[in-house]
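Me: I've got a model open and I'd like to go through the labels people put on its residues. Can you take me through the reasoning, one label at a time?

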Amino acid sequence: MGTHGKHPKFSNWWDPLFRGQIRLPMCLSCEHTIYPPRENCPLCLSDNLQWLINSNLATVLATTTLHHSFEPEFQRRLPLSLALLELETGPIVIANGLPALAPGDIVVADVVKETAGGFDVPVFRVFSLNRQSLHK
Ligand SMILES: [Zn+2]
């Protein structure tokens with residue numbers, strides 16, 4: 001277990017994330033949700049930000065499956081399903097996916113703590129499909 005190499009200002013981000021809670025700053029001037037977290041809004045440069053808990057619901061934008069990797073850490077996980085997810089508040093994240101995912105699926109995104117290269121890193125993953133909400 002190593003340290004995160006994280007900036008203490010962003011403990012609002014790391015600590016809840018390692019518990020599976022997606023907490024992100026929202027700009028109070030233009031309502032943009034900022035990901036990854038920064039000290040100023042990338043759209044309007046305001047520093048009037050508020051940390052908010054985000055919904056874990058997300059829409060699948062794209063999927064792919066890795067069959068080859070030069071990294072030993074990934075080689076043992078192949079084939080690895082990946083998904084590009086759009087969180088309800090707008091940020092787009094790369095997540096470990098599920099083989100059956102398709103663009104347009106509504107999913108529950110989760111975050112798990114993994115250790116890679118001696119560092120603890122948050123990894124987004126698709127926790128479950130929420131197919132019911134596709135038909136509302
Ligand atoms: Zn803004």
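Me: Why is glutamate 31 called exposed?
Reply: Keep in mind that this is a predicted model. Glutamate 31 has 12 other C-beta atoms within 10 Å, and the cut-off for exposed is 12 or fewer, so glutamate 31 counts as exposed. Glutamate 31 sits in the loop between β1 and β2, and its phi is near 65°, a positive value in a residue other than glycine.

Me: What makes leucine 45 exposed?
Reply: Leucine 45 has 10 C-beta neighbours inside 10 Å. Exposed means 12 or fewer, so leucine 45 gets the label. Leucine 45 also lies in the loop between β1 and β2, and its phi is positive, about 70°, although it is not a glycine.

Me: And why is cysteine 27 called buried?
Reply: Its count is 20 other C-beta atoms within 10 Å. Buried takes 20 or more, so cysteine 27 is buried. Cysteine 27 belongs to strand β1.

Me: Which residues is cysteine 27 in contact with, leaving aside its neighbours within four places in sequence?
Reply: Among them are His32, Ile34, Cys41, Cys44 and Leu49. A contact needs C-beta atoms within 7 Å. As for C-alpha atoms, those of cysteine 27 and glutamine 50 are 6.6 Å apart, with their positions 23 residues apart along the chain.

Me: How do you know that β3 and β4 pair?
Reply: Pairing takes at least two bridges. β3 and β4 have eight, in the antiparallel sense, so they pair. One example is valine 60, whose bridge partner in β4 is leucine 85.

Me: What makes β3 and β6 a pair, then?
Reply: Three bridges join them, and they run antiparallel. With at least two needed, they therefore qualify. Alanine 58 stands opposite valine 107 in β6.

Me: Which residues touch the most other members of the largest nonpolar core?
Reply: Leu85, Ala95, Val107 and Ala109, out of 19 residues in that core. Elements that each supply at least two of its residues include α1 (11-17), β1 (23-27) and β3 (57-66). Leaving aside neighbours within four places in sequence, alanine 109 is in contact with residues including Ala58, Leu85, Ala95 and Phe127.

Me: Where are the prolines that follow cis peptide bonds?
Reply: Proline 36 is in the loop between β1 and β2 (49-53), and the bond from tyrosine 35 to it is cis, with omega near -5°. Proline 79 is in the loop between α2 (72-75) and β4; the bond from leucine 78 to proline 79 is cis, with omega near -10°.

How values were computed
Residues numbered from 1 in each chain as written. Predicted model: local features only at pLDDT ≥ 70, side-chain atom pairs only at ≥ 80, totals over all residues. Core = buried A, V, L, I, M, F, W, Y, C linked by C-beta atoms within 7 Å. Helix = DSSP H or I, 4+ residues; strand = E, 2+ residues; numbered from the N terminus. Contact = placed C-beta atoms within 7 Å.
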